[in-house]
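Open your viewer, keep the selection box handy, and follow along stop by stop.

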Amino acid sequence: MRALLDGHDLETRDWLFNLMAKSDLFVSRKVGDKVFASPDFNEPMDEMRDKTLERIFFLLRNGVFKDFLKDNSIENSLKQMAVWEVLGIFDHALSVKLGVHFILWGGSIVSLGTQRHHDKWLRITEELKVFGCFAMTELGHGSNVRGIETVTTYDPSTQEFIIDTPCESAQKYWIGGAAKHATHTIVFSQLLIDGKNEGVHAFICQIRDANGRWCRGIRIADCGHKTGLNGVDNGRIWFDKVRIPRENLLNAVADVTPDGQYVSSIKNPDQRFGVFMAPLSSGRVTIAMHATNQAKVGLATALRYALTRRAFSVSTYEPEMLLLDYPSHQHRLLPLLAKTYAMNFAALDLKKLHLKKNPEDSKVVHVISSGFKAMFSWHSQRTLQECREACGGQGLKTENRIGNLKAEYDVQSTFEGDNNVLMQQVSKALLGDYFAARSKGKLMKGMGLEHLNGPRPVMSKELDSNVLRDSRFQLALLQLRERGLLELLDAEVKKIISTGLSTSEALMSSYKLAENLGKAFTERIMLEIFQRAEEQATGSMKKVLGLLRTLSVLSGVDEEPVFLRYGFLSPEQSQLIHREVPAVCAELRPHTLHLVDSFGIPQPFLGLIAYDWVESNAWDNVSGGSSQSIV
């Protein structure tokens, strides 16, 4: 099962887990013969940042980043993703800081630059002789990148670009690495040539010298302490007419000649802008993986605790019951376990789609990664909160990880795109394809939308357990919701447009339907991917995967009001599904330990209560404990 879940590079993962578990830089506590590895979230912010950097150079010395940028093969890229996943399980700040350097800074040079940039920057980036950051977000503009206010002009007399921050809202904000450690940045800026705005472009700019001093025209401020992720030194950058060489424009899609002529192989400004946003797709793919893995850490800890912690008894003089033997405890955690399995398979599929994509696949990757990023990060926060509560007071302790993970990963719901905005982007793309197909009399094609070309699914009134657990019924039900919401959104937008409002205004007014459609599309894609993963299994594993798939779908349907709101299910059908969920939970209960062990997360990287919670709280293992008598 672990091989199916991880999908690739199990040896690399285990090697890196082992490397960290053997180093005092990563180990936070020893209990008996066990070590536990996690960051010290009680350290002051500056110490957390310095420790993160120290760990990065430890990983560099041990060859972890070898050929990260110079080898662009799919095999090597998958290996890199395995490394990010393992590092993220240890510490989100460590993976984010490295992700900014390698994926955003380095990835931008690879995808947006040309050979001259590759030759100059990739090797020294791998060797951390420069430390890069990614200056896109501004104080006044986050999700709306088109509206950023930083301005770059060209001086043909010196063949230099001049980058300027014209107002306070144009300051670059939340730039990971900028506050303390970054030496260079990718600057996203409006490019003005002879007074004409050619749109957002990307430039390389040095912000610190070898001694850590700001470069001329650069001002930097710290974003300060955050509710989480304090191991990353987020900063703010102002550019005061900073001059950079003409060659520092990343020119894979557009260039400026020495005499100041703007040239581009992509004439359509919208398409050109889409190319410049490509690095963000990598970020959303990474977030989908990390969100799933943090849900795994919380579930593995909370479910292992529930398999050993007892509370109350059915009647007097009987032994107390295990927490996980209570149907209510099963119902609060096992559907989240099932959905995490579904999201794991979906994130794995997205990774491979992203790495194998052709230019014409960019839209598909953008739409699917946007939906996954939003859904998975929301799921991670919900799961970690439920796991925290399910562990009672132990869930509050830093050493048990769950509460801190919630704070560390809360940022995922807004960085690389606000989740609500991303969901509206998903539905906008679906509606655009639907409009185009209908107006041209063509069939829907791609992203599994071909089901819209056939007849509408009909839900049988006679639903029993066998039907509810049938993957064909489950897919038909999710297709019915997706189709119905798309048709409803189409009708509502047209109705609003008929009153004289624009398409954009109509979509804004229909935001709730749009969000529901984005969720419906995402969950239907997830189910189709789960079904493909299930086909790879045989025997008992196939049976357990079938239970997980069923619980993932039925619990989601049970929690989602649109099925009743828009008549996709009758109240009677909804009641049958509601009663089936706890029945599936009970069948999954005996497999719980094997299912969380299949996550492949070694003991040192889970909370202490995942193992012997009595021993970890024994006097000899309490921090600062002694054998002296206290009078």
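Which hand does the crossing of α10 and α12 have? It's left-handed. Before you rotate anything else, keep in mind that this model is predicted.

**Stop 1: α10 and α12**

Select residues 362-390 to bring up helix α10, then add α12, which runs over 419-440. Their axes sit 9 Å apart, and the packing angle is about 145 degrees. In general, two packed helices are described by just this pair of values, the angle between the axes and the distance between them.

Now turn on side chains for the contact. From α10 you want K363, H366, V367, S370, G371, K373, A374, M375, S377 and W378. The partners in α12 are N419, N420, L422, M423, Q425, V426, A429 and D433.

**Stop 2: E416**

Step back to E416, in the loop between α11 (402-409) and α12. UniProt, in an unreviewed entry, puts the feature "active site" here. Is E416 buried or exposed? Its relative accessible area is 19%, so it counts as buried, the cut-off being under 20%.

Show what surrounds E416: beyond its neighbours within four places in sequence, it is in contact with L104, L280, G283, R284, I287, K373 and L422. Two of those should still be lit from the previous stop: K373 is on the α10 side of the helix contact, and L422 is on the α12 side.

For context, colour residues 281-431, which the unreviewed UniProt entry annotates as "domain: Acyl-CoA oxidase C-alpha1". That span is 70% helix and 3% strand, and its end C-alpha atoms lie 21 Å apart.

**Stop 3: α4 and α9**

Next pair: helix α4 at residues 74-90 and helix α9 at residues 327-356. Here the axes are 10 Å apart and the packing angle is about 140 degrees. These two helices are therefore oblique to each other. The crossing of α4 and α9 is right-handed. To see what makes the contact, pick I74, S77, L78, M81 and E85 on α4, plus K351, H354, L355 and K356 on α9.

**Stop 4: L122 and L128**

Move to helix α6, residues 115-126, and select L122. With 7% relative accessibility, L122 counts as buried. Apart from residues within four places in sequence, L122 is in contact with L69, K70, G106, I109, V110 and H117. Fancy a distance label? Draw one from the C-alpha of L122 to the C-alpha of Q394, 272 residues apart along the chain, and you get 46 Å.

Now go to L128, in the loop between α6 and β3 (132-135). Check its backbone: phi is positive, about 60 degrees, although L128 is not a glycine. Most residues other than glycine have a negative phi. L128 is also buried, at 7% relative accessibility.

**Stop 5: L229**

Where else can you find a positive phi on a residue that is not a glycine? Try L229, with a phi of about 65 degrees. It's in the loop between β9 (218-222) and β10 (234-239). L229 has a relative accessible area of 7%, so it counts as buried.

**Stop 6: T185**

Select strand β7, residues 184-193, and zoom in on T185. Its relative accessibility is 0%, so T185 counts as buried. Which backbone oxygen does the T185 side chain reach? It's the one on C133, at 3.4 Å. Leaving out residues up to four places away in sequence, T185 touches W105, C133, F134, A135, F203, I204, C205, I207 and F239.

**Stop 7: α14 and α16**

Last stop. Colour residues 474-606, which carry the UniProt annotation "domain: Acyl-CoA oxidase C-terminal" in the unreviewed entry. The span is 79% helix and 0% strand, with its end C-alpha atoms 34 Å apart.

Then pick out helix α14 (residues 471-497) and helix α16 (residues 511-535), whose axes come within 9 Å and cross at roughly 155 degrees. That angle makes α14 roughly antiparallel to α16. The crossing of α14 and α16 is left-handed.

Light up the meeting residues to finish. On α14 they include L475, L478, L485, L486, L488 and L489, along with Q479, R481 and E482. Among those on α16 are L513, L517, F521, L527, K519, E523, R524 and E528.

Conventions
Residues are numbered from 1 along each chain as its sequence is written. This is a predicted model: local features need pLDDT of at least 70, side-chain atom pairs count only at pLDDT 80 or more; totals for chains, interfaces and linings use all residues. Side-chain values use heavy atoms; hydrogens and water are left out. UniProt positions are given in the numbering used here, feature names are shortened, and annotations may be inferred rather than shown by experiment. Helices (H or I, at least four residues) and strands (E, at least two) are DSSP runs, numbered from the N terminus. Buried means under 20% relative accessible area, exposed over 50%, partly exposed in between (1.4 Å probe, protein chains only). A polar contact is a pair of N or O atoms within 3.5 Å; within protein, one must be able to donate a hydrogen and the other to accept it, and residues adjacent in sequence count only if both atoms are side-chain atoms. Contact means heavy atoms within 4.5 Å. Axes are lines fitted to C-alpha atoms, for helices over the stretch in contact, and angles run from 0 to 180 degrees between N-to-C directions. Angles under 35 degrees count as roughly parallel, over 145 as roughly antiparallel, 65 to 115 as roughly perpendicular and the rest as oblique. A crossing is left-handed if the near helix is turned anticlockwise from the far one by less than a right angle, and right-handed if clockwise.
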